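Hi,

Here is the structure I said I would pass on. Have a look at it first, and then read my notes below.

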Amino acid sequence: MPSVLSSYTVAGQHRVFRPSLSLPPRPPSALFLLADDLAQEMEDVDFEEEEEEEEGNDEGWVLEPQEGVVGSMEGPDDSEVTFALHSASVFCVSLDPKTNTLAVTGGEDDKAFVWRLSDGELLFECAGHKDSVTCAGFSHDSTLVATGDMSGLLKVWQVETKEEVWSFEAGDLEWMEWHPRAPVLLAGTADGNTWMWKVPNGDCKTFQGPNCPATCGRVLPDGKRAVVGYEDGTIRIWDLKQGNPIHVLKGTEGHQGPLTCVATNQDGSLILTGSVDCQAKLVSATTGKVVGVFRPETVASQPSLGEGEESESNSVESLGFCSVMPLAAVGYLDGTLAIYDLSTQTLRHQCQHQSGIVQLLWEAGTAVVYTCSLDGVVRLWDARTGRLLTDYRGHTAEILDFALSKDASLVVTTSGDHKAKVFCVQRPDR
């Protein structure tokens, strides 16, 4: 398989490969037909809640700086723990939501591991994948962990017993997410379908989209709806119980290129979508109407670029809502972090990175936004002032994913240098 940052073309757009977003299209799978037979059994899914972790084996971790790692960005290592069991680029990371003591990582080596944040101790390997593991995450109660590879093989383990309890082959995988309050797993595939399974009994429902990849998706906070973005620029808000689209945004309401990311605010009333067309659209989850459009300003007005060239050289890579102020953050491939004021729908701050932004996350309860980028650095920004608060270094290649603990004391990163790292976040205002 090519390097994680190899490029490819989707719908006429030249893209940098990102495992959690658009993948090269392949022939649709016929496996979704199996799901329709089980659809009726999902009607009584109870979206409610529960428990967590333990035990171990030891290798695969290194404390503090290391020599001889793959990559070109040498320098100080600010990390507390380095997990080094992967033998290729590490694509994804997720923390267990109940205790924030465990991480699961997946990589280009076709492997996924569950390990302890405090010392990097391996708890168990999520074995059996035969393609790059691009999605991984814990259930709402931390009792289950799911992993998914590019070929569409999904597996679920019980964390306490370390036993595999469910698996399914769904076709080329684009994204995967657990339901926020139930043992229900959702995933989007390259054939345009969104799947929903009750785990571990396997009851299944499919939500059939257009005949193109379902490139990103998110369950709304009410647990009853999900928003899914597609490669053709359309957006659908699905009723998870009834199985029908409540709203469909297409044409001028949708995007003019493949969607790359989607986010919702805390109460689920607003949705933010991002695309390779360089636009972020603010959508009312209730009405399905676009209530705002954000475009890059100084970035977009590069005089030597025509319109088509601009959208090829830049795109929205990540976005999210602040939980304490009416602010939204949008991260672009050209390295721009834009902070928008939702009440006035104006650009409040523009923060420049030296290389492309891969992902951003807001810290809960504050106006601090975290970014990770292709230069291998995690940065913390004060969204009220646009000021850089601090940065954390240690990777010798691009950061491909990161996660933030609930109390924002730890940042966990994964990288093209084959490592995952744990950084202790220290700020003077804590």
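**What I found**

Ala-408 is buried, with a relative accessible area of 1%. Keep in mind as you read that this is a predicted model. Ala-408 also has an unusual label for a residue that is not a glycine: its phi is positive, at about 60°. You'll find Ala-408 in the loop that runs between strand E33 (399-404) and strand E34 (410-415).

Asp-110 goes in the same note, since its phi is positive too, near 65°, and Asp-110 is not a glycine either. Look for Asp-110 in the loop between strand E6 (102-107) and strand E7 (112-116). Is Asp-110 buried or exposed? Neither label fits: with a relative accessible area of 26%, Asp-110 counts as partly exposed.

One more backbone item while you are looking at loops. Which peptide bond is cis? The one from Val-199 to Pro-200, where omega is near 10°. Pro-200 sits in the loop between strand E15 (193-198) and strand E16 (204-208).

**Rings**

There are 10 aromatic pairs in the structure. Take Trp-166 and Phe-168: the ring centres are 6.1 Å apart and the planes are at 5°, so this pair is stacked. The cut-off behind that word is an angle under 30 degrees between the planes. Trp-166 is buried, at 8% relative accessible area, and Phe-168 is buried as well, at 18%. The limit for calling a residue buried is 20%, so Phe-168 with its 18% falls under it. Trp-166 and Phe-168 also belong to one aromatic cluster, together with Trp-195 and Trp-197.

Rings turn up in another kind of contact too. Which residue lies over the face of Tyr-230? That is Arg-236, at 5.1 Å from the ring centre.

**Charges**

In general, side chains of opposite charge can pair when their charged atoms come close. In this model I have 11 salt bridges for you, and here are some of them.

- Glu-121 with Arg-116: the closest N and O atoms are 2.1 Å apart. Glu-121 counts as buried, at 16% relative accessibility, while Arg-116 is partly exposed, at 23% relative accessible area.
- Lys-155 with Glu-164: N to O is 3.2 Å in this salt bridge between the two side chains. Lys-155 is the buried partner, at 9% relative accessibility, whereas Glu-164 is partly exposed, with a relative accessible area of 38%.
- Arg-384 with Asp-382: here the closest N and O atoms are 3.0 Å apart. Arg-384 is partly exposed, at 46% relative accessible area, and Asp-382 counts as buried, at 7% relative accessibility.

What is Arg-116 linked to in a network of salt bridges? The network takes in Asp-119 and Glu-121 along with Arg-116.

**A sheet to look at**

Strands of a sheet pair through backbone hydrogen bonds, and they can do this either parallel or antiparallel. One open sheet here has four strands, in the order E21-E22-E23-E24, and the pairing is antiparallel. Which strands stand at the edges? They are E21 (259-264) and E24 (290-294); each has a single partner strand, so one side of each is left without a neighbour in the sheet. From one strand to the next, the twist averages 20°.

If you want to follow one pairing in detail, go for E21 and strand E22 (residues 270-275): they run antiparallel and are joined by five bridges. Thr-264, for instance, has Ile-271 in E22 as its bridge partner.

**From the record**

UniProt, in an unreviewed entry, lists "repeat: WD" for residues 83-125, 126-167, 221-248, 252-293, 350-391 and 392-430. I looked at one of these spans, residues 221-248: the end C-alpha atoms lie 19 Å apart, and the span is 0% helix and 54% strand.

Cheers

Key
Residues are numbered from 1 along each chain as its sequence is written. This is a predicted model: local features need pLDDT of at least 70, side-chain atom pairs count only at pLDDT 80 or more; totals for chains, interfaces and linings use all residues. Side-chain values use heavy atoms; hydrogens and water are left out. Rings of Phe, Tyr and Trp (its six-membered ring) pair if their centres lie within 6.5 Å; planes under 30 degrees apart count as stacked, over 60 as edge-to-face and the rest as tilted. Buried means under 20% relative accessible area, exposed over 50%, partly exposed in between (1.4 Å probe, protein chains only). A charge sits over a ring if NZ of Lys or CZ of Arg is within 6 Å of the ring centre and within 35 degrees of the ring normal. A salt bridge is a side-chain nitrogen of Lys or Arg within 4 Å of a carboxyl oxygen of Asp or Glu. Two strands pair if DSSP finds at least two bridges between them. Helices (H or I, at least four residues) and strands (E, at least two) are DSSP runs, numbered from the N terminus. Axes are lines fitted to C-alpha atoms, for helices over the stretch in contact, and angles run from 0 to 180 degrees between N-to-C directions. UniProt positions are given in the numbering used here, feature names are shortened, and annotations may be inferred rather than shown by experiment.
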